Amino acid sequence: VRFALFSSLGFHVIPSVSNIVPESCLLIVVGLLVGGLIKGVGEKPPILKSNIFFLFLLPPIILDAGYFLPLRQFTENLGTILIFAVVGTLWNAFFLGGLMYAVCQLGGPGLNHIGLLANLLFGSIISAVDPVAVLAVFEEIHINELLHIFLNLPLPSPSQVLYHLFEEFANFEQVTIIDIILGFLSFFVVSLGGVFVGVIYGVIAAFTSRFTSHIRVIEPLFVFLYSYMAYLSAELFHLSGIMALIASGVVMRPYVEANISHKSHTTIKYFLKMWSSVSETLIFIFLGVSTVAGHHYWNWTFVISTLLFCLIARVLGVLVLTWFINKFRIVKLTPKDQFIIAYGGLRGAIAFSLCYLLDYKHFGMRDMFLTAIITVIFFTVFVQGMTIRPLVDLLAVKKKQETKRSINEEIHTQFLDHLLTGIEDICGHYGHHHWKDKLNRFNKKYVKKCLIAGERSKEPQLIAFYHKMEMKQAIELVESGGIG
């Protein structure tokens, strides 16, 4: 751990390196060197175990992304996000699985024994766009919030559901139509069940924060405790722990921040950032070490076909889905946006860990799958990850605005929201703004009174925004050393 953190520190100290090579690439190289060194002295390098990855390393990264999610952009683009996440994942998994099955049937003696189910399982693994790799690369180039959400929130949850479904089918002697229908239903039950669990724990965390005014020191603990409990509870019932984490973070944040102190808010912010940063560093280091330590079986036809079809599936999926989505969007996704979304499909440790979980008993070709997945990971992280920054600059893609919102901007934003809601009501069209207004009224009338302590639950939205700005300024003053 110490070595990994010093590597990460060294990367940021040398600007000539950090401007060209993403941190994730450097950490994988360090992992490869460490693994090679351990193997060179005759020892067996450690492998990134799947249970350690999914139980300890992945949750902080997902919680950090969910807790600090820009809510307005997320809710306004929820339909687009769901289409990319669900339909996009299904397309990638079945397109890749079907084409790889055709390749195996035509690829000769080494491949023709791999059946359709095994190839569909492989397609579901390799279709998992990795939020760890995406976050690591795109946070460095400060991509605008809209693209940031599209790239980070088609999370691997649907892909993991497909993976477990096909793995379960491998135990069946014969897969019937009823099994397929039940499997299709489980795809939605697992994801929505995870969201339900996350919402419950998010509400409990918000309600608990009402009573911590006399024990401020434990306030941050409740955020981490309830979030992790949401993840474990969802996984215990074979639901989506990732969706539970995101839902709990999104639900609890506005109410928890209204109840806790400035110091607790700062603690949560920096502890989450530190925790997720350490997890990212360890994941990439171990990915390099595990590559050296793992058993590999190289097949040129299978590996090159996997890499080629991954790129084709991603591009076709983004183009077709965007064409459909733009028919319903007011603000269209431009060709530049489509290119960045297609190019940002980085694979990482999630695909590696899912493949490592496969049982040799049912999947004797696991080593070949693992080799192909590592090749795709290295290509996407090194080639796409290293070229995305110059491409973003070349295409002049809009970047994140670092300026703060003013009271004036908030007044005009709320005025436009109310105006559009009124226009929808007059026209008799119950659209996005109508339902958003209904939700805000319900939140103010019932939910805030239960979850926010004292007079803060009754204050108007504009005053709440003013308090939020005050909190930010106080935190920045403390960070800059303005208060002794």
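The following paragraphs describe the fold, the nonpolar cores and several individual residues of a predicted model.

The protein has 484 residues, of which 49% count as buried, and its secondary structure comes to 21 helices and 0 strands. Among the contacts with a sequence separation of 6 or more, 82% are accounted for by residues 24 or more positions apart. The surface that the protein exposes comes to about 24000 Å², and 69% of this area is supplied by carbon and sulfur atoms. No disulfide is present, the number held by the structure being 0. Two of the cysteines may be described by their cover: Cys310 is buried, with a relative accessible area of 4%, and Cys355 is likewise buried, with a value of 0%.

In soluble globular proteins, nonpolar side chains tend to be buried together. In the present model, the largest nonpolar core contains 91 residues, and the members that touch the most other members are Phe53, Ile125, Phe302 and Phe369. Helix H18 contributes the largest share of this core, namely 10 residues. The surroundings of Phe369 give a picture of the packing, since this residue, when those up to four places away in sequence are not counted, touches Ile114, Ala118, Phe122, Phe302, Cys355 and Leu358. Another core, of 13 residues, lies apart from the largest one and includes Val318, Leu321, Ala342 and Val397.

Helix H18, which spans residues 366-395, is also marked by a kink of about 40° at Ile388, a position shortly before the proline Pro390. Just after this helix, Ala396 takes a positive phi of about 55°. Helix H3, formed by residues 23-40, has 18 residues and reaches 25 Å from its first C-alpha to its last, which is close to the 26 Å expected at 1.5 Å a residue. The buried residues of H3 include Glu23, Ser24, Cys25, Leu27 and Ile28, together with Val30, Gly31 and Gly35. In an α-helix there are 3.6 residues a turn, so residues three or four places apart point the same way. After H3 comes Gly42, whose phi is positive and near 90°.

A positive phi is also found at His238, where it is about 60° although the residue is not a glycine. His238 belongs to the loop between helix H12 (219-236) and helix H13 (241-259). With a relative accessible area of 66%, His238 counts as exposed, because this value lies over 50%.

Two polar residues within helices show the opposite condition. Asp64, which lies in helix H4 (residues 50-67), has a relative accessible area of 8% and is therefore buried, the cut-off being under 20%. When residues up to four places away in sequence are not counted, Asp64 touches Leu272, Lys273 and Ser276. Asp64 and Lys269 are 205 residues apart in sequence, yet their C-alpha atoms are 8.6 Å apart in space. Thr421, found in helix H19 (residues 407-427), is buried as well, with a relative accessible area of 7%. With residues up to four places away in sequence again left out, Thr421 touches His433, His434 and Asp437.

Definitions and conventions:
Residues are numbered from 1 along each chain as its sequence is written. This is a predicted model: local features need pLDDT of at least 70, side-chain atom pairs count only at pLDDT 80 or more; totals for chains, interfaces and linings use all residues. Side-chain values use heavy atoms; hydrogens and water are left out. A disulfide is a pair of cysteine sulfur atoms within 2.5 Å. Buried means under 20% relative accessible area, exposed over 50%, partly exposed in between (1.4 Å probe, protein chains only). The bend at a residue is the angle between axes fitted to the seven residues ending there and the seven starting there. Helices (H or I, at least four residues) and strands (E, at least two) are DSSP runs, numbered from the N terminus. The expected span of a helix is 1.5 Å times one less than its number of residues. A nonpolar core is a set of buried Ala, Val, Leu, Ile, Met, Phe, Trp, Tyr and Cys residues joined through side-chain atoms within 4.5 Å. Contact means heavy atoms within 4.5 Å. Accessible areas come from the Shrake-Rupley method with a 1.4 Å probe; for residues, only the protein chains shown count as cover.
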